[in-house]
Amino acid sequence: MSAYTALTAAGYRAQVRDKATLFFTFAFPLLFLVVFGLIFSGQDVEETGRPYISYIAPGVMSWGVANAAVFGIAFTLMQWRRDDLLRLIRLTPTPLTTVLASRYVLALAVGVVQAAVFIAVAVLPGFGLVLDGRWPLVLPALVLGITAFLAIGVIVGTYANTPEAVAAIANCLMVPMAFLSGSFLPLDMMPSWLRSVSRVLPLRYLNDAATGALTGTGSLTTIGTGCAALLGFALLFGAIGLKTFRWSNRT
Amino acid sequence: MTTDTTQPPDSPAIAAQDVHKRYGDRRAVDGVSLDVRRGEFFGLLGPNGAGKTTLIEIMEGLRQADGGTVTVLGQSPWPRNTALLPRMGVQTQASAFFVRQSAREHLATVAGLYRRDPAAADRTLESVGLTEQRDVLVENLSGGQRQRLAIASALVHEPELIFLDEPTAALDPQARRDLWEVLRALKSQGRTIVYTTHHLDEAEALCDRVAILVGGRIAALDSPHRLVTAAGAPARLLLPVGRLGVEEAAALPGVDRAVLQGGSLVLETATPGKVLQAVDALTGLDGVMTRTATLEDVYLELTGAAHAAAGHIGPQAGPHTQTEHQA
């Protein structure tokens with residue numbers, strides 16, 4: 001059996017056997033959809049005349065996928081290092097890239113399933129999201145977004161040594177970013193300087209690309225720009241993650 | 001088992017030359033040189049903080065020595081040497097398990113990391129006596145079972161060289177004896193075993209040679225038998241109390257010291273045969289027990305001396321006051 005297959009199988013079993021994380025990953029974003037759906041039911045955003053749901057559904061979905069990617073790998077790395085499991089792996093001939101590749105595939109699978117479940121619920125009559133014909137373009141955006149946020153999670157998991165630290169760091173990153181990137185509130189409602197600030201945040205680009213693909217607003221260029229920016233973030237954070245990676249808490 | 005073609009068969013499994021490692025001002029390993037022969041069962045003993053773990057981690061390639069050279073199976077373990085790693089097995093911490101996996105799933109995953117098939121996991125589980133627990137989640141295993149699973153992680157890929165860190169620490173006496181059989185079987189297959197323990201009776205029973213590490217240096221290195229013989233620690237005769245007076249016993253020819261201890265009159269002597277004869281002539285030998293010196297006496301002599309030299313205040317560190325043998 002290859003190391004990659006073994007690690008992926010173990011990761012899959014660990015994922016499906018962890019009910020709390022399953023809920024957090026798949027049901028929690030839906031909870032946000034329900035809450036925002038109820039608050040803004042039937043309303044349009046004044047500035048553009050588009051319904052709220054067409055902003056909130058892609059935004060909350062992007063945040064949910066990004067959040068799961070960051071938390072998943074950060075918790076795993078912290079835990080593996082704390083329990084000396086990384087030391088065990090370090091003592092086998094398995095390269096670090098194989099370990100990360102198996103986590104990457106798991107994260108992609110989780111993210112795509114998350115998005116599928118989320119969209120399936122959002123198009124239900126109660127929420128009323130209308131999918132545009134170019135919705136398949138959300139896939140490259142998701143893949144690149146998961147890659148970028150996975151790389152951020154690797155960095156978080158490398159610096160955090162306790163579950164509390166992972167939660168604190170990841171939440172401090174992801175919650176403000178969700179608001180500033182327009183995941184929870186339409187960016188069109190925000191002052192222009194805030195919209196400029198959001199340009200440095202990776203979640204902004206995932207939101208833009210996902211919104212463009214799912215609802216058909218904006219041009220294809222928006223999706224392309226979003227994907228390109230996510231690729232850039234993925235390369236940047238990926239390089240930092242590999243550079244700072246630690247096998248052990250003991251020096 | 002793979003055989004190393006680049007090395008003559010009699011070359012040592014591990015060759016350490018003048019190994020140094022310091023942490024800040026503390027010299028954790030301070031000029032250690034030793035060879036571990038192929039097929040040898042080698043014990044690394046010493047008090048906590050003596051540098052055992054650091055030395056072993058340098059051998060495993062987890063740490064880089066500040067000075068000196070280490071060769072493991074003819075290769076350098078540092079930096080991470082993926083050609084060498086499959087040939088050695090390291091017992092992990094009893095926490096290093098893939099979460100939410102059964103014992104078998106964990107071990108099959110470890111086997112996969114060595115590119116072995118899951119059947120290797122079943123074989124190894126059987127050899128450490130965990131076949132019945134194969135489907136129990138690692139989180140639900142008992143302390144002793146976790147310990148055995150951690151040992152299994154070191155054996156699953158059938159390495160030539162095995163490092164075990166206090167493998168019997170959390171085991172009950174029966175499980176400990178069972179593990180001895182596992183270890184002896186590994187040795188009989190020609191594998192080299194390097195292990196640490198605080199159970200000196202165990203080291204005496206299992207090891208071909210032991211090194212006693214004190215303050216980052218080797219205080220003694222030889223077979224347990226020769227260490228005990230060379231130390232010249234006295235044998236002790238235990239007489240039921242009341243058979244002989246303490247003064248009377250102390251005056252017997254060959255008795256170095258007589259003292260009442262734990263319900264027995266204890267006579268220390270370098271010539272037990274002579275003293276036994278004298279006791280026999282006076283009171284008979286009924287109920288008299290003889291206890292010869294053990295590795296523990298040697299160990300306490302060496303580590304105690306270092307303690308005293310370092311100016312530690314503590315209980316009198318001589319082996320005779322501290323130990324109560326059941327040898």
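## A four-stranded sheet in chain B

Let's start with a pair of strands: β10 (residues 235–240) and β12 (residues 264–269) of chain B pair in the antiparallel sense, and six bridges link them. Keep in mind that everything here comes from a predicted model. If you want to trace this pairing residue by residue, begin with B:A235, whose bridge partner in β12(B) is B:T269. Then look at B:L237, which has B:L267 of β12(B) as its bridge partner. What holds paired strands like these together? Strands of a sheet pair through backbone hydrogen bonds, and the pairing can be parallel or antiparallel.

β10(B) has another neighbour too: three bridges join β10(B) to β13(B), and these two run antiparallel. Here B:R236 stands opposite B:R291 of β13(B). Put the pieces together and you get an open sheet of four strands, in the order β11-β12-β10-β13 of chain B, with antiparallel pairing. Which strands stand at the edges? They are β11 (255–261) and β13 (289–291) of chain B; each has a single partner strand, so one side of each has no neighbour in the sheet. Ignoring direction, neighbouring strands in this sheet are turned by 25° against each other on average.

There is also a helix to look for here. Helix α9 (residues 272–283) of chain B lies across β10, β11, β12 and β13 of chain B, and runs at about 15° to β10(B).

## A three-stranded sheet in chain B

Now go back towards the start of chain B. Strands β1 (residues 14–23) and β2 (residues 26–36) of chain B pair in the antiparallel sense over eight bridges. They form a hairpin with two residues between them, and B:G24 in the turn has a positive phi of about 60°. Which residue of β2(B) is the bridge partner of B:Y23? That would be B:R26. You can also find B:R22 standing opposite B:R27 of β2(B).

β1(B) pairs with β4 (residues 67–72) of chain B as well: the two run antiparallel and are joined by five bridges. In this pairing, B:A16 stands opposite B:V70 of β4(B). The result is an open sheet of three strands in the order β2-β1-β4 of chain B, with antiparallel pairing. β2 and β4 of chain B stand at the edges with a single partner strand each, so one side of each is left without a neighbour in the sheet. Neighbouring strands here are turned by 25° against each other on average, direction ignored. Packed on this sheet is helix α1 (residues 52–60) of chain B, which touches β1, β2 and β4 of chain B, and its direction makes about 125° with that of β1(B).

## Helices meeting in chain A

Over in chain A, let's look at helix packing. Two packed helices are described by the angle between their axes and the distance between the axes. Take helix α1 (residues 3–16) and helix α5 (residues 96–122) of chain A: their axes come within 9 Å and cross at roughly 40°. That makes α1(A) oblique to α5(A). The crossing is right-handed. On the α1(A) side, the residues making the contact include A:L7, A:G11 and A:Y12, while A:T98, A:S102 and A:R103 are among those from α5(A). Sorted by class, this contact has eight nonpolar, five polar and one charged residues.

Helix α2 (residues 19–39) of chain A also packs with α5(A), at an angle of about 35° and with the axes 10 Å apart. This crossing of α2(A) and α5(A) is right-handed. From α2(A), the contact uses A:T25, A:F26, A:P29, A:L30 and A:L33; from α5(A), the residues include A:V110, A:Q114 and A:F118. How many charged residues does the contact of α2(A) with α5(A) have? None: the classes are nine nonpolar, two polar and no charged residues.

## Where the two chains touch

The chains meet as well: 27 residues of chain B are in contact with 23 residues of chain A. On the chain B side, helix α2 (residues 103–113) of chain B gives the most, with seven residues. By class, that side of chain B has 13 nonpolar, eight polar and six charged residues.

## How confident is the prediction?

Chain A has an average pLDDT of 92, and 100% of its residues score at least 70. Within chain A, confidence is highest in helix α6 (residues 138–159), at a mean of 97, and lowest in helix α8 (residues 192–197), at 88.

Technical notes. Residues are numbered from 1 along each chain as its sequence is written. Chains are lettered from A and ligands numbered from 1 in the order in which they are written. This is a predicted model: local features need pLDDT of at least 70, side-chain atom pairs count only at pLDDT 80 or more; totals for chains, interfaces and linings use all residues. Axes are lines fitted to C-alpha atoms, for helices over the stretch in contact, and angles run from 0 to 180 degrees between N-to-C directions. Angles under 35 degrees count as roughly parallel, over 145 as roughly antiparallel, 65 to 115 as roughly perpendicular and the rest as oblique. A crossing is left-handed if the near helix is turned anticlockwise from the far one by less than a right angle, and right-handed if clockwise. Two residues are in contact if their C-beta atoms, placed from the backbone, lie within 7 Å. Ala, Val, Leu, Ile, Met, Phe, Trp, Tyr, Cys and Pro count as nonpolar, Asp, Glu, Lys and Arg as charged, and the others, Gly among them, as polar. Two strands pair if DSSP finds at least two bridges between them. pLDDT is the predictor's confidence in each residue, from 0 to 100.
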